[in-house]
Amino acid sequence: MKIFLDTANVEHIKEASSWGIIDGVTTNPTLIAREGRNFEDVVKEICSIVDGPISAEVVSMKSDEMVEEAKGLAQIHKNIVIKVPIMPEGLKTMKRLKELDIKTNATLIFSPNQALLAAKVGATYVSPFIGRLDDIGHIGMDIIRDIMIIFENYKFESEVIVASIRNPIHVIDAAIAGAHIATVPYDTLRKMVKHSLTDVGIERFLSDWEKVPKVK
Ligand code: G3P
């Protein structure tokens, strides 16, 4: 499974990327706003750190404007993927961007139907938001399982990015469901690598090593 980092924080991206496990980055307007920096500068810097798909979101609501915005963003770097919200104007946009050979990520997906429509217009990626479904009392992971079956039934080429991940269990469940990608917040990534028994084990090995007679 590919792991993307779900952040616009370049320090976190640099650190996680140095572990050798980051395949791409996803951003959204909220994550960009959190950094208090110019959008293009942040995106350019992320592209210089990670050599993989970097999602940047359009904020226009009409297809013509979305396409213009997307063309501008796509010029920043060859790895830019245009995040487009799932709605009728978004579907039109993703179809047009496919014809222009610009990669897209259908975002704000909350149902298998939305994922199916995004796949039909040729979205490169679809991003179901599972945490936000959990937040309102639905089981977010259920839609991942359904989407994986639907995409397999019809051999859709769109890859599924499990988004709005809140904890390490979400990542395990995404992997068990066979999702192509999990986009993970930095704090969740840190929790994935950590185990208290590992910490205790390291501590014990180091203190036992102190007792081993050393060659002079
Ligand atoms: O990048 C989109 C998504 O992962 C946002 O997550 O935590 O705002 O629901 P969240």
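**Entry 1: polar contacts of the ligand**

I began with Lys83, where an N or O atom of the side chain is 3.2 Å from an oxygen atom of the ligand. I keep in mind that this is a predicted model. Next I looked up Asn28, and found one of its polar side-chain atoms 3.2 Å from a ligand oxygen. For Asp6 I noted 2.5 Å between a side-chain N or O atom and an oxygen atom of the ligand. Then I checked how covered the ligand is: on its own it exposes 310 Å², and the protein buries 83% of that.

**Entry 2: the shell**

Which residues are around the ligand? I listed Asp6, Asn28 and Lys83, then Phe129, Arg132, Ala163, Ser164 and Arg166. I sorted this shell by class and got four charged residues, two polar ones and two nonpolar ones.

**Entry 3: where the ligand sits**

I wanted to know which pocket the ligand takes up, and my note reads: the second largest. That pocket holds about 260 Å³ of space. I found 15 residues in its lining, and those nearest the centre are Asp6, Asn28, Leu31, Arg132 and Arg166. Asp6 and Asn28 are familiar from the ligand shell, as are Arg132 and Arg166. Which element gives the largest share of this lining? My answer is helix α2, residues 29-35, with three residues. By class, I wrote down five nonpolar, five polar and five charged residues for the second largest pocket.

**Entry 4: the largest pocket**

I then turned to the largest pocket, whose volume is about 310 Å³. How many residues line it? I noted 15, with Lys98, Gly122, Ala123, Thr124 and Glu157 nearest its centre. Helix α5, residues 88-99, supplies the largest share of that lining, three residues. I sorted the lining of the largest pocket too, and it divides into six nonpolar, five charged and four polar residues.

**Entry 5: a reminder for myself**

If you are following along, I suggest keeping two places in view. One is the second largest pocket, the space taken by the ligand. The other is the largest pocket, with Lys98 and Glu157 among the residues nearest its centre.

Notes: Residues are numbered from 1 along each chain as its sequence is written. This is a predicted model: local features need pLDDT of at least 70, side-chain atom pairs count only at pLDDT 80 or more; totals for chains, interfaces and linings use all residues. Side-chain values use heavy atoms; hydrogens and water are left out. A residue is near a molecule or strand if one of its heavy atoms lies within 4 Å of it. A polar contact is a pair of N or O atoms within 3.5 Å; within protein, one must be able to donate a hydrogen and the other to accept it, and residues adjacent in sequence count only if both atoms are side-chain atoms. Accessible areas come from the Shrake-Rupley method with a 1.4 Å probe; for residues, only the protein chains shown count as cover. On a 1 Å grid over the protein atoms alone, a cavity is a set of points where a 1.4 Å probe fits but cannot get out, and a pocket is an open set with protein on both sides within 12 Å along at least five of seven lines; lining residues have an atom within 4 Å of a point. A molecule sits in a cavity or pocket if more than half of its atoms lie within 2 Å of its grid points. Ala, Val, Leu, Ile, Met, Phe, Trp, Tyr, Cys and Pro count as nonpolar, Asp, Glu, Lys and Arg as charged, and the others, Gly among them, as polar. Grid points are joined across faces, edges and corners, and a volume is the space filled by probe spheres set on the points. Helices (H or I, at least four residues) and strands (E, at least two) are DSSP runs, numbered from the N terminus.
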